[in-house]
Amino acid sequence: MAQMFSRGTFTQSFLIPKPVLTEENLPDQTGKVHLVTGGYTGLGKELTSILYRHNATIYVAGRSEDKAATAIADITAKNPESTGRLEFLHLDLSDLTTIKPAVDKFIANEKRLDVLVNNAGVMMCPKGSKGKQGHELQLVTNCLGPFLFTKGLVPILKETAITSPPGSVRVIWASSLVANLLSPTGGVKLGEDDAPQISSFQPTNYGQSKAANNFYAAEFSRRYGGDGILSVAFNPGNLATELQRHLDPVNLLTAKLINHPARFGAYTELYAGWSPDITVEDGGMFVIPWGRKGNDILRNDLRKAIEESKTDENSVPRRFWEWSDRETSQYA
């Protein structure tokens, strides 16, 4: 296990090969509609900029309309030749009551959704931080909010897939290197009611929320892959973004030593969401920096849980999905 940790950590952090899909070779996105949560800061903004440069319509989803307006103005000014469109969509992933209104607004305005990028998240929040409905903040923002949002968009994703090339309609979920390093044994530690157990150690809660997104990606693929929707998880990489604002000084210094510009994380997302190298058969896979297939370096117990979920209704990924469904049903 320790040897695999070491290999997985090194492979995702150092001597990373050059990205294979960038702003230089992404195909034209005219007529395509994409949705990026947290699309106005950090790597989300970088991805939005790349897509807009290639004439896509992008909905930038998040809490702050002011920040979104600033980012949209900046992206538009830097890409004057684009025929794309940028729209703000209000969404607070830590408040489940905002999810359905966001879904309804999107569906009222659009006839298709080609790629949903579950990019937004929080990391190492102060101990005791909670979302609007009382859930641990990392769990709701990184997991339950995106889960409910994605489920609400399944109908339009299915409709889009009917008339789209196989594997081109996608949902991608933000995991992390810490799924390997910090999540509890089994990835997500479930209690008797199948609710994830909250640790007194915030890094464990963060690691669990990221392993959970690997499970969401795999379970979404099992449930909706037959409808033509491709679902994968990704580790964007060690990046210099606002996500690290809650780190203590020692961990912040460590992060700075291994961080890369946010643009490179956008290349990882670009590969996960748009690369033709990924096909329908790759549903549930793990993408690593800056756009590579990384299933083989996912921690052994995580890979085992995902494999078991294909046939075992009592597997952790299936139970966690069902708990998420019950926990969010009143807000759907």
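Biologist: Which elements each supply at least two residues of the lining of the second largest pocket?

Modeller: α7 (202-224) and α10 (300-308) each do so. Bear in mind that this is a predicted model. As for the general idea, rolling a probe the size of a water molecule over the atoms shows where empty space is left. Here, the second largest pocket has a volume of about 290 Å³. Its lining comprises 15 residues, and those nearest the centre of the pocket are G283, G284, N295, I306 and K310.

Biologist: How do the residues of that lining divide into nonpolar, polar and charged?

Modeller: For the second largest pocket, four lining residues are nonpolar, five are polar and six are charged.

Biologist: How many cavities of 30 Å³ or more does the structure hold, and which residues line the largest cavity?

Modeller: The structure has one cavity of 30 Å³ or more. The volume of the largest cavity is about 30 Å³. Its lining consists of G167, S221, G225, G228, I229, L230, V280 and G283. By class, that lining has three nonpolar residues, five polar ones and no charged ones. G283 appears in the lining of this cavity, and G283 is also among the residues nearest the centre of the second largest pocket.

Biologist: Turning to strands, which way do the residues of β5 point?

Modeller: In a regular strand the side chains alternate between the two faces of the sheet. In β5, V169, V171 and W173 point one way, while R170, I172 and A174 point the other way. All of these residues are buried. Because six of the six residues of strand β5 (residues 169-174) are buried, the strand is largely enclosed by the rest of the structure.

Biologist: Which strands pair with β5, and in which sense, parallel or antiparallel?

Modeller: Strand β4 (residues 115-118) pairs with β5 in the parallel sense over four bridges, with L116 opposite V171. Strand β6 (residues 229-234) also runs parallel to β5, joined to it by six bridges; there V171 stands opposite S231. Together, β4, helix α5 (residues 137-162) and β5 form a right-handed β-α-β unit.

Biologist: How many bridges join β2 to β3?

Modeller: Strand β2 (residues 57-62) and strand β3 (residues 85-90) run parallel and are joined by six bridges. A61 is opposite L89 in β3. Between the two strands the chain passes through helix α3 (residues 65-78), in a right-handed β-α-β crossover.

Biologist: How many salt bridges does the structure hold, and with which residue does K45 form one?

Modeller: Side chains of opposite charge can pair when their charged atoms come close. The structure holds 18 salt bridges. K45 forms one with D74, the closest N and O atoms being 2.9 Å apart. D74 lies in helix α3 and K45 in helix α2 (residues 42-53), so this pair ties together parts that are 29 residues apart in sequence. D74 is partly exposed, at a relative accessible area of 24%, and K45 is partly exposed at 25%. D74 also meets K78 in a salt bridge, at 3.3 Å from N to O. K78 and D74 are four residues apart in helix α3, which means a separation of about one helical turn. K78 is exposed, with a relative accessible area of 59%.

Biologist: With which residue does K151 form a salt bridge?

Modeller: K151 forms one with D325, with 3.0 Å between the closest N and O atoms. K151 is in helix α5 and D325 is in helix α11 (residues 316-328), so the pair ties together parts 174 residues apart in sequence. Salt bridges that share partners also join E219, R222, R223 and E322 into one network.

Key: Residues are numbered from 1 along each chain as its sequence is written. This is a predicted model: local features need pLDDT of at least 70, side-chain atom pairs count only at pLDDT 80 or more; totals for chains, interfaces and linings use all residues. Side-chain values use heavy atoms; hydrogens and water are left out. On a 1 Å grid over the protein atoms alone, a cavity is a set of points where a 1.4 Å probe fits but cannot get out, and a pocket is an open set with protein on both sides within 12 Å along at least five of seven lines; lining residues have an atom within 4 Å of a point. Grid points are joined across faces, edges and corners, and a volume is the space filled by probe spheres set on the points. Ala, Val, Leu, Ile, Met, Phe, Trp, Tyr, Cys and Pro count as nonpolar, Asp, Glu, Lys and Arg as charged, and the others, Gly among them, as polar. Two strands pair if DSSP finds at least two bridges between them. A crossover is right-handed if, with the strands pointing away from the viewer, the path from the first strand over the helix to the second runs clockwise. Buried means under 20% relative accessible area, exposed over 50%, partly exposed in between (1.4 Å probe, protein chains only). A salt bridge is a side-chain nitrogen of Lys or Arg within 4 Å of a carboxyl oxygen of Asp or Glu.
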